[in-house]
There are 2 protein chains.
Amino acid sequence: MAIKGQYTYEYPHPAVTADSVVFGYDGKELKVLLIKRGAEKEASKTAFVGEWALPGGFLDVEKDRTVAHTAARELKEETGLKLSVKEFREVGTFSDIKRDPRERVITVAHYALVKLAEVEAATDAEKAEWFAWADIPHLAFDHDKILRVAFSRLKQDIHFEPVGFELLPEVFTLPQLQNLYESILEVKFDRRNFANKMKHYEILSEYSNDMPRRGTRTPINYRFDKDNYDRLKSNGFQLEF
Amino acid sequence: MAIKGQYTYEYPHPAVTADSVVFGYDGKELKVLLIKRGAEKEASKTAFVGEWALPGGFLDVEKDRTVAHTAARELKEETGLKLSVKEFREVGTFSDIKRDPRERVITVAHYALVKLAEVEAATDAEKAEWFAWADIPHLAFDHDKILRVAFSRLKQDIHFEPVGFELLPEVFTLPQLQNLYESILEVKFDRRNFANKMKHYEILSEYSNDMPRRGTRTPINYRFDKDNYDRLKSNGFQLEF
DNA sequence: GAATTTTGTGTATTTTTTACACAAAAAGTT
DNA sequence: AACTTTTTGTGTAAAAAATACACAAAATTC
């Protein structure tokens with residue numbers, strides 16, 4: 001363990017953290033992964049005990065290649081969820097002088113998108129919990145604000161990148177896709193127009209198997225046509241909604 | 001002056017800087033404000049002496065309210081240009097472990113848009129220089145990369161915010177406006193279609209006075225219709241090009 | 001005054017977006 | 001087994017937006 005006061009500088013330095021907003025989608029609602037702050041050993045973690053917060057933690061100056069690496073490492077440590085560094089998109093820096101009562105802490109917020117069904121089992125239920133967007137409690141620090149900014153960033157990004165596909169399971173239905181877009185963009189679409197537009201992009205291919213039953217007409221299963229999708233993406237496409 | 005080694009921490013802390021990409025437009029070309037790194041007194045500034053770099057500097061942990069304040073303060077100190085904090089838009093964090101050879105330094109890059117004609121006199125020509133986009137030299141640190149990212153961010157932002165108007169003088173002509181859009185988006189537009197589209201937004205109003213003469217037909221002077229523009233902006237408009 | 005450069009302008013065609021209603025599939029109910 | 005309920009799938013006509021395109025007017029240079 002480090003000796004107290006071991007690290008000295010000629011000028012004051014802030015602490016730097018990386019926090020993550022992890023979005024998941026269960027076919028109906030957008031969800032976010034939060035952790036409950038506990039009274040842990042580290043002196044640096046005694047603020048906001050018992051409150052919910054975004055997963056995140058301090059930059060390891062000697063080991064973390066970038067702050068995205070910090071985000072990935074801390075997410076794994078705090079929630080059990082292991083994502084690759086590339087999956088983190090930067091939201092922005094939150095640097096208000098009083099945002100942490102202990103010392104000056106600058107945080108770099110990120111967001112990541114996961115296929116909820118595939119990772120739900122991997123998250124450590126002891127420490128972390130998935131919250132539906134509507135049920136998110138008040139969060140520690142300025143994490144409420146970070147969450148709002150992250151969501152609005154996602155809302156923007158969905159126009160240029162097919163982020164929806166990162167949230168959906170491999171096999172999905174048109175109603176699910178539409179509902180996801182509606183959840184993120186906070187609007188409603190006409191079902192026919194939505195279907196027409198998606199078909200026009202030619203990035204969906206039908207995928208027949210007997211899958212989940214519902215209480216009504218069974219929707220068609222689709223999967224994502226990777227070739228067409230990659231081509232569209234590299235041509236700099238813009239999903240218009 | 002601070003006593004060496006006065007500031008101690010239990011864990012290593014990185015240094016944090018804020019750098020700025022200041023874009024200006026002279027009616028023909030997009031330009032960027034750069035500084036020449038000199039051998040200054042501060043030990044912290046002895047790297048990359050003599051090279052061109054983005055203006056920027058270290059966060060003052062005790063005084064800078066946010067990193068945007070750092071960016072504004074340093075820009076003023078290094079170039080003489082005084083901008084309000086609100087004019088800085090965040091580009092992103094650059095945190096690569098080896099990006100500064102001296103110690104671990106995380107920088108938060110910003111960009112700002114200025115009316116070149118109005119601020120040119122205010123920039124300290126001893127230390128700072130405006131470079132046309134095509135003539136930008138190799139820069140210190142990872143500032144080449146920061147510049148590229150800042151430009152692509154500007155390119156994106158122009159779709160959602162009428163950033164063009166922040167770069168143009170109060171009175172401008174349609175060809176100037178078109179050229180600005182073409183410079184940022186790196187495309188060419190048909191003059192008639194461009195004019196039609198701009199008129200359709202109803203954010204330009206004619207402004208007659210005898211202004212700059214050119215070697216050809218005198219273009220119509222416009223100014224920006226603030227009422228209509230603000231209304232459009234608050235309705236969440238999207239400039240389509 | 002002739003040549004050159006740059007600006008301003010309108011319309012027809014194509015493409016995209018929008019509005020809109022009914023039938024089929026599956027399950028639950030009586 | 002028939003009926004009800006819920007959810008899904010589908011096409012076309014009208015409106016709006018984007019595109020393609022050419023000539024005349026203003027000012028300067030020679």
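**DNA strand C and chain A**

Student: How do the residues of the surface near DNA strand C divide into nonpolar, polar and charged?
Tutor: This is a predicted model, where local features need pLDDT of at least 70, side-chain atom pairs count only at pLDDT 80 or more, and totals for chains, interfaces and linings use all residues. Residues are numbered from 1 along each chain as its sequence is written, with chains lettered from A and ligands numbered from 1 in the order written. Near means a C-beta atom, placed from the backbone, within 6 Å of the strand; Ala, Val, Leu, Ile, Met, Phe, Trp, Tyr, Cys and Pro count as nonpolar, Asp, Glu, Lys and Arg as charged, and the others, Gly among them, as polar. On that basis, the split is five nonpolar, eight polar and eight charged.

Student: Which element gives the largest share of that surface near DNA strand C?
Tutor: 21 residues surround DNA strand C, and R217(A) and P175(B) are among the closest. Elements here are DSSP runs numbered from the N terminus: helices (H or I, at least four residues) and strands (E, at least two). α6 of chain A and α5 and α6 of chain B each give two or more residues. The largest share, five residues, belongs to α6(B).

Student: Where do the buried residues of α5(A) sit around its axis?
Tutor: Buried means 20 or more other C-beta atoms, placed from the backbone, within 10 Å of the residue's own; Q176(A), L177(A), L180(A) and I184(A) qualify in α5(A). Going by directions from the helix axis to the C-beta atoms, they cover an arc of only 100°, so they lie on the same side of α5(A).

Key. Buried ≥ 20, exposed ≤ 12 C-beta atoms within 10 Å, placed from the backbone.
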